[in-house]
Amino acid sequence: MAASAEIRALVAEIEAATAAAQARAVERQNATYSEPIGSELGTVTVGGQGELRAVDLDTRSLRYTNESALADAVKTAVQRAERRARGI
């Protein structure tokens, strides 16, 4: 009898751990991570899996940069946000 009670307790523990892991996975998937784009050019936002969700540019600051510098700054910000989403 003691063995079956022990097995039931282990099963309950495993089920609780599984439910907690599933809840954390859903929470992480729904999370967003934002990073600034260079010299106050705006922000990028990625989802919990590192997928790009938004690029918000500050149009007032754009006149002080060129296309190449803007592209590099956006790329760098996206990479930083992706690393945060992955917990690196």
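**Entry 1: the core**

I began with the largest nonpolar core, which has 12 residues: Y33, I37, L41, V44, V46, L70, A73, V74, A77, V78, A81 and A85. I checked where they come from, and β1, β2 and α3 each supply at least two of them. Helix α3 gives the largest share of this core, 7 residues. A reminder to myself before going on: this is a predicted model.

Next I picked Y33 out of that core and listed its contacts. Setting aside residues up to four places away in sequence, Y33 touches V44, T45, V46, G47, G48, A81, R84 and A85. Of these partners, V44, V46, A81 and A85 are on the core list too.

**Entry 2: the whole chain**

I stepped back to count elements. The protein chain has 3 helices and 3 strands. Read along the sequence, they come in the pattern α-β-β-β-α-α.

How does the radius of gyration sit beside that of a compact globule of 88 residues? The protein chain has 22 Å, while such a globule would be near 12 Å. I looked at the spans as well, and the C-alpha trace covers about 75 × 20 × 15 Å along its principal axes.

I noted three more values for the protein chain. Buried residues make up 22% of its 88 residues. It exposes about 6,300 Å², with carbon and sulfur atoms supplying 55% of that. Taking contacts between residues at least 6 apart in sequence, I found that 39% join residues at least 24 apart.

**Entry 3: the sheet**

The 3 strands form an open sheet, ordered β1-β2-β3, with antiparallel pairing. β1 (32–37) and β3 (52–57) stand at the edges with a single partner strand each, so one side of each has no neighbour in the sheet. Ignoring direction, neighbouring strands here are turned by 15° against each other on average.

Then I went through the pairs. β1 and β2 (residues 42–47) are joined by 6 bridges and run antiparallel. I looked up some bridge partners: T32 stands opposite G47 in β2, S34 has T45 as its partner, and E35 has V44. On the other side, 5 bridges join β2 to β3, also an antiparallel pair. There, V44 stands opposite V55 in β3. So V44 turns up in several of my notes: as the bridge partner of E35, as a contact of Y33 and as a member of the core.

Why can I call β2 largely enclosed by the rest of the structure? It is because 5 of the 6 residues of β2 are buried.

**Entry 4: the two turns**

I looked at what links the strands. β1 and β2 make a hairpin with 4 residues between them, and G38 in the turn has a positive phi of about 35°. β2 and β3 make a hairpin with 4 residues between them as well, where G50 in the turn has a positive phi of about 90°.

E40 is in the loop between β1 and β2. Is E40 buried or exposed? The cut-off for exposed is over 50% relative accessible area. E40 has 66% relative accessibility, so it counts as exposed. I still found contacts for it: leaving out residues up to four places away in sequence, E40 touches D58 and S61. I also took a C-alpha to C-alpha distance, and E40 and L57, 17 residues apart in sequence, are 8.9 Å apart in space.

**Entry 5: S34 and the helix**

S34 is in strand β1. Its relative accessible area is 38%, so I put it down as partly exposed. Which residues does S34 contact, leaving aside its neighbours within four places in sequence? I found V44, T45 and R84. T45 is its bridge partner in β2. R84 is 50 residues away along the chain, yet the C-alpha atoms of S34 and R84 are separated by 9.0 Å. R84 was on my list for Y33 too.

Last, I checked how the helix sits on the sheet. Helix α3 (residues 67–86) lies across β1, β2 and β3, and runs at about 150° to β1. That brings me back to where I started, with α3 supplying 7 residues of the core.

Conventions
Residues are numbered from 1 along each chain as its sequence is written. This is a predicted model: local features need pLDDT of at least 70, side-chain atom pairs count only at pLDDT 80 or more; totals for chains, interfaces and linings use all residues. Side-chain values use heavy atoms; hydrogens and water are left out. Two strands pair if DSSP finds at least two bridges between them. Helices (H or I, at least four residues) and strands (E, at least two) are DSSP runs, numbered from the N terminus. Axes are lines fitted to C-alpha atoms, for helices over the stretch in contact, and angles run from 0 to 180 degrees between N-to-C directions. Contact means heavy atoms within 4.5 Å. The radius of gyration is taken over C-alpha atoms; the globule rule is 2.2 Å times the number of residues to the power 0.38. Buried means under 20% relative accessible area, exposed over 50%, partly exposed in between (1.4 Å probe, protein chains only). Accessible areas come from the Shrake-Rupley method with a 1.4 Å probe; for residues, only the protein chains shown count as cover. A nonpolar core is a set of buried Ala, Val, Leu, Ile, Met, Phe, Trp, Tyr and Cys residues joined through side-chain atoms within 4.5 Å.
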